[in-house]
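Please look through the model shown here before reading on. Some questions about its ligand site, its hollow spaces and its backbone come after it.

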Amino acid sequence: MDKLRIAGGKRLVGSIPIGGAKNAALPLMCASLLTDEVLTLRHVPRLADIDTMTHLLQQHGVTITLLGANGRSNGQKNGGVTVKLQADDIASTTAPYDLVRKMRASVLVLGPLVARHGQARVSLPGGCAIGTRPIDLHLKGLQALGAEIELEGGYVSARAPHGLVGARVVFPTVSVGATENLLMAATLARGSTVLVNAAREPEITDLAQCLVAMGAGIEGVGTDEITIHGVERLHAADHAIVPDRIEAGTYAIAAAITGGDVELLGVDLPLIEAPARVLAEAGVAVTATEKGVRVAAGNRRPTGVDVMTEPFPGFPTDLQAQMMALMTVAEGAAMITETIFENRFMHVPELCRMGANINVHGASAMVRGVPALTGAPVMATDLRASVSLVLAGLAARGETMVNRIYHLDRGYERLEDKLAACGAAVERVRG
Ligand code: EPZ
């Protein structure tokens, strides 16, 4: 298994291109199941999760063609590829256990399949490293649209042989995935659907914009009440994926933790407003530039800032581990509270092995800043926890070896190249 070796203490200076958002690309790929015409997606990041989704859709019968690297409109290479997806001949409506188990986002095929084909059978994803993560809200929503749902042998079977019917769906809690599944399903339902307490993440806005380009009738995009007027069929579209705000936030924190000065290319400041606000409070200058966002740390330690994760536009749970890494070397203390997932502090014991002072009480972690971390061999069991250890390693004295980096390859394209281009001493050790 590959590892990442980091010699800490190098200031990051330079620019980093931000790719298309993984968490937008995954549902957008599933949206291809809603039409027999070609869906063209641009800026699809090259990541292990995208490969898993590609395999899943191919086994459903979707033809997928990769068209090579492309650049953003500002001329900066952002990596990524253009992908053409065509679901004109669905071979199977079953999403098997071995693929769903690898990646929970596989459950996003459920809504589109049942909406267009009247049936779908999807393995239940089960728990994962960051919590139990049920899909009850996805299922109740589809039931409200008239699907018959049965659970059998670890699989969810959804049937709507005469099509889905629009309804009012009130989500008791905000769910990104359930909003996406219902949004896609409702585009082909008879009549109108209203999603109340819908998630407002930019990835949902991106999905809605693509669906509108495919011919869907959607109002209230970007608000917590989305109305979808069902149409008979959707058609071809060409869509550029929104930049990855979590990748951008991660590199912003990398700049901050190394006392660096980095320009994040291709991302707009409003996309990372909440993390930018926390960084500003910590004493890091975050400003919009012509090409993106500049993050410049002064030559003093950051100040401790309390952070609570919340649905968008609040502080994202997907940046909690990275911000905690920054707070471990802050002047003063920071209380970090996780409200989205019940088990998202796996990075804490590893950060403590690097010299951090963190105490967890329930959903909150009290981080008391220390002057410096020291390098150590570390590993983590999920994507964002792993990258927080990379950030800690960049700031630590001595060498850090991050093990099991296949987690990183799920969500960060060319992580070590992007960091090394800004002066980090980081290399992949093949194993
Ligand atoms: C999405 O997961 C993201 N994944 C996650 O990113 C992200 O952490 C999360 O949203 C929150 O922002 C993708 O977009 C592919 P949720 P999702 O449904 O959709 C509970 C990363 O690192 N819930 O908004 O699965 C759930 O358990 C990943 O890139 C139910 O109870 O998240 C959680 O506590 C990790 N029942 C909360 O809601 C349900 O039916 C929010 O989950 C659905 C969710």
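The questions and answers below concern a predicted model.

Q: How many residues surround the ligand, and which are the closest?
A: A residue is counted here if one of its heavy atoms lies within 4 Å of the ligand. There are 21 residues around the ligand. The closest are Asp136, Ser175, Asp318, Ile340 and Arg384.

Q: How do the residues of the shell around the ligand divide into nonpolar, polar and charged?
A: Glycine is placed with the polar residues in this scheme. The shell around the ligand then divides into ten nonpolar, five polar and six charged residues.

Q: Which helix gives the most to the shell around the ligand?
A: Helix H1 (22–31), helix H5 (136–144), helix H6 (176–186) and helix H12 (383–395) each supply at least two residues of the shell. One of these helices gives three residues, which is the most. That helix is H5.

Q: At what distance does an N or O atom in the side chain of Ser175 lie from an oxygen atom of the ligand?
A: A pair of N or O atoms counts as a polar contact within 3.5 Å. A polar side-chain atom of Asn23 meets this cut-off, at 3.1 Å from an oxygen atom of the ligand. A polar backbone atom of Leu137 also does, at 2.7 Å from a ligand oxygen. For the side chain of Ser175, the distance to a ligand oxygen is 2.6 Å.

Q: What percentage of the accessible area of the ligand does the protein cover?
A: On its own, the ligand has 830 Å² of accessible area. The part of this area covered by the protein is 84%.

Q: Which residue caps the N-terminal end of H6?
A: The cap rests on a side-chain oxygen that lies 3.0 Å from the backbone nitrogen of Ala178. This side chain also has an N or O atom 2.6 Å from an oxygen atom of the ligand. The capping residue is Ser175.

Q: How many residues of H6 are buried?
A: A residue counts as buried under 20% relative accessible area. The buried residues of H6 include Gly177, Glu180, Leu183 and Ala186. H6 is mostly covered, and of its eleven residues the number buried is ten.

Q: Which elements give two or more residues to the lining of the second largest pocket?
A: The second largest pocket has a volume of about 350 Å³. Its lining has 24 residues, and Ile257, Thr258, Gly259, Arg301 and Pro302 lie nearest its centre. The elements that give two or more residues to this lining are helix H8 (245–257) and H12.

Q: What is the volume of the largest cavity?
A: The structure holds two cavities of 30 Å³ or more. Among the residues lining the largest cavity are Gly19, Pro45, Asp244 and Tyr412. By class, this lining has three nonpolar, three polar and four charged residues. The volume of the largest cavity is about 50 Å³.

Q: How many charged residues are in the lining of the second largest cavity?
A: The second largest cavity holds about 30 Å³ of space. Ala21, Lys22, Asn23, Glu203, Asp244, Ile246 and Arg384 line it. By class, two of these are nonpolar and one is polar, and the number charged is four.

Q: Is Val267 buried or exposed?
A: Val267 is found in the loop between strand S15 (261–265) and helix H9 (273–281). Its relative accessible area is 0%. A value under 20% counts as buried, so Val267 is buried.

Q: Which peptide bond is cis, with omega near 10°?
A: Most peptide bonds are trans. Here the second residue of the cis bond lies in the loop between strand S18 (307–308) and helix H10 (320–327). The cis bond runs from Phe312 to Pro313.

Q: Is His43 buried or exposed?
A: His43 lies in strand S3 (residues 38–44). Its phi is positive, about 65°, although it is not a glycine. Its relative accessibility is 7%, so His43 counts as buried.

Q: Where is Arg414?
A: Arg414 is not a glycine, yet has a positive phi of about 50°. With 39% relative accessibility, Arg414 counts as partly exposed. Its place is in the loop between helix H13 (406–411) and helix H14 (415–420).

Note on methods
Residues numbered from 1 in each chain as written. Predicted model: local features only at pLDDT ≥ 70, side-chain atom pairs only at ≥ 80, totals over all residues. Heavy atoms only, no water. Polar contact = N/O pair within 3.5 Å; in protein donor to acceptor, adjacent residues only side chain to side chain. Areas by Shrake-Rupley, 256 points an atom, 1.4 Å probe, with all protein chains shown as cover. Helix = DSSP H or I, 4+ residues; strand = E, 2+ residues; numbered from the N terminus. Buried < 20%, exposed > 50% of the residue type's maximum accessible area, 1.4 Å probe, protein only. 1 Å grid on protein atoms, 1.4 Å probe; cavity = no way out; pocket = protein on both sides within 12 Å on 5 of 7 lines; lining within 4 Å. Points joined across faces, edges and corners; volume = space filled by probe spheres on them.
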